[in-house]
Amino acid sequence: LFDGIYPFYLQQRKVSVFDVSTIIVIVVFLTLTCSFLLIIPGIRGRARSYWTLRVLLSLVVGVVIVAVQFTGDWETGWVKANTSYKSFSRAMVNADIGLHVGLAGVNVTLMGNPVNQINETINYNEHFAWSFDADYDHIYSEGLERGLPSPILYVAEKFTTQSPCGMLRQYRISSHYASATLWVAFCTWLISNMLFSMPVLVYGGYMLLVTGAFMIFSLLSFSTVRNSLMCPIQFGTATLRIGYGGSFWLTLAIGLLCFVAGITVVSLHYFNLDLLKTFFDLREEKAEEYQEMTEVYVNPHFVNKGL
């Protein structure tokens, strides 16, 4: 205590789902989308619809692959409980406690119900990074020094290296490989777009299948944390349980979309190549191939001479 005041300090907050990196990724892809929409009126006929569908679907796949690297809702969980608010205090608060797990770390949220209780505003969200270039235990120690609320420290302590739960190592390794496979999926997505811009459509379809496969591999890597024992997070009689969040299911949906698109391209290549070329605006019109001259202009001088 410092003159009877608990040591709570102001600090920069990190949101649980979106952060600056995610916003930058979304802005970049929105800029690409707007640039394409500016040039789409210059494409004639049905090709305009085909181009719009192809480009927008491709951009959606790309933005999801990159954005989920920075989101914090691969696993989420909430619980409502009556719990102690500060160390060395008997004051109890009614609050919603949330846990948000991402590939780079974990966010712990504490929101009072109502927000204003015991003459304080209870609205906290703390980020604890566990990437290989971050020291989770040091970040947790800084939280202790700042005097973070007890529920946040209790949840964060479950992931420290000193905790008997041993969840930090499993989450760190699983998240690392999930992130790595997603970056490989991003590279294969770029290659598929290059191949689709050339008359080798079937190989672009194959690369879409590879993209979907690496996205599924990332999900399998992250889901291995379920194989380890999860320590219960208890607040009195209430238990905080976590399940797969929006980023996990969004990655799964986009991975399946890549599979469907890749299988469709490969199937059309072998069974209906003309339709595939039409969709990618590579089919030459027969009218242009066998175009006949309907009007002939002859110099009258040569006609008069019988030439």
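Which residues is arginine 226 in contact with, leaving aside its neighbours within four places in sequence? In this predicted model, the partners are Glu75, Ile242, Gly243 and Tyr244. Arginine 226 sits in the loop between α6 (201-223) and β5 (233-235). Its relative accessibility is 38%. It therefore counts as partly exposed, since that class lies between the buried limit of 20% and the exposed limit of 50%.

Two residues of helix α5 can be placed relative to this loop position. Glutamine 170 lies in α5. It is partly exposed, with a relative accessible area of 25%. Along the sequence, glutamine 170 and arginine 226 are 56 residues apart. In space, their C-alpha atoms are 9.3 Å apart. Tyrosine 171 is 55 residues from arginine 226 along the chain. Here the C-alpha separation is 9.6 Å.

Tyrosine 171 also belongs to the account of the protein interior. The largest nonpolar core has 68 residues. Leu99 and Tyr171 are the residues with the most contacts inside that core. With residues up to four places away in sequence not counted, tyrosine 171 touches Glu75, Val101, Trp130, Phe159, Phe222, Val225, Met230 and Ile242. Glu75 and Ile242 appear in this set, and both are also contacts of arginine 226.

The overall architecture comprises 10 helices and 7 strands. The protein has 307 residues. Of these, 41% count as buried. Contacts with a sequence separation of 6 or more were examined by range. Residues 24 or more positions apart account for 68% of them.

Polar side chains also occur at buried positions. Serine 179 is found in helix α5. Its relative accessible area is 18%, so serine 179 is buried under the 20% limit. Its side chain makes a polar contact with the side chain of glutamine 69, at 2.5 Å. Leaving aside neighbours within four places in sequence, serine 179 is in contact with Gln69 and Leu103. Gln69 is thus a contact of serine 179 as well as its polar partner.

Glutamate 126 gives a second case. This residue is found in strand β4 (residues 120-129). At 4% relative accessibility, glutamate 126 counts as buried. Its side chain is joined to the side chain of arginine 146 by a polar contact of 3.2 Å.

Backbone geometry was considered next. Most peptide bonds are trans, and most residues other than glycine have a negative phi. Exceptions to both patterns occur around strand β3. The peptide bond from asparagine 113 to proline 114 is cis. Its omega is near 5 degrees. Proline 114 has its place in strand β3 (residues 105-117).

The loop between β3 and β4 holds isoleucine 118. It also holds asparagine 119. Isoleucine 118 is not a glycine, yet its phi is positive, at about 40 degrees. Asparagine 119 likewise has a positive phi, near 60 degrees. Which exposure class does isoleucine 118 fall into? With a relative accessible area of 38%, isoleucine 118 is partly exposed. Asparagine 119 has a relative accessible area of 84%. It is exposed, because this value is over 50%.

Pocket analysis completes the description. The largest pocket has a volume of about 810 Å³. It is lined by 28 residues. Closest to the pocket centre are Arg54, Val55, Ser58, Phe196 and Phe280. Four helices each supply at least two lining residues: α2 (47-67), α5 (167-196), α7 (246-271) and α8 (273-279). Which element gives the most to the lining? Helix α2 does, with 8 residues. By residue class, the lining divides into 21 nonpolar, 5 polar and 2 charged residues.

Helix α5 recurs across these results. It contributes to the lining of the largest pocket. It contains the buried serine 179. It also contains the partly exposed glutamine 170, whose C-alpha atom is 9.3 Å from that of arginine 226.

Key. Residues are numbered from 1 along each chain as its sequence is written. This is a predicted model: local features need pLDDT of at least 70, side-chain atom pairs count only at pLDDT 80 or more; totals for chains, interfaces and linings use all residues. Side-chain values use heavy atoms; hydrogens and water are left out. On a 1 Å grid over the protein atoms alone, a cavity is a set of points where a 1.4 Å probe fits but cannot get out, and a pocket is an open set with protein on both sides within 12 Å along at least five of seven lines; lining residues have an atom within 4 Å of a point. Grid points are joined across faces, edges and corners, and a volume is the space filled by probe spheres set on the points. Ala, Val, Leu, Ile, Met, Phe, Trp, Tyr, Cys and Pro count as nonpolar, Asp, Glu, Lys and Arg as charged, and the others, Gly among them, as polar. A nonpolar core is a set of buried Ala, Val, Leu, Ile, Met, Phe, Trp, Tyr and Cys residues joined through side-chain atoms within 4.5 Å. Buried means under 20% relative accessible area, exposed over 50%, partly exposed in between (1.4 Å probe, protein chains only). Contact means heavy atoms within 4.5 Å. A polar contact is a pair of N or O atoms within 3.5 Å; within protein, one must be able to donate a hydrogen and the other to accept it, and residues adjacent in sequence count only if both atoms are side-chain atoms.
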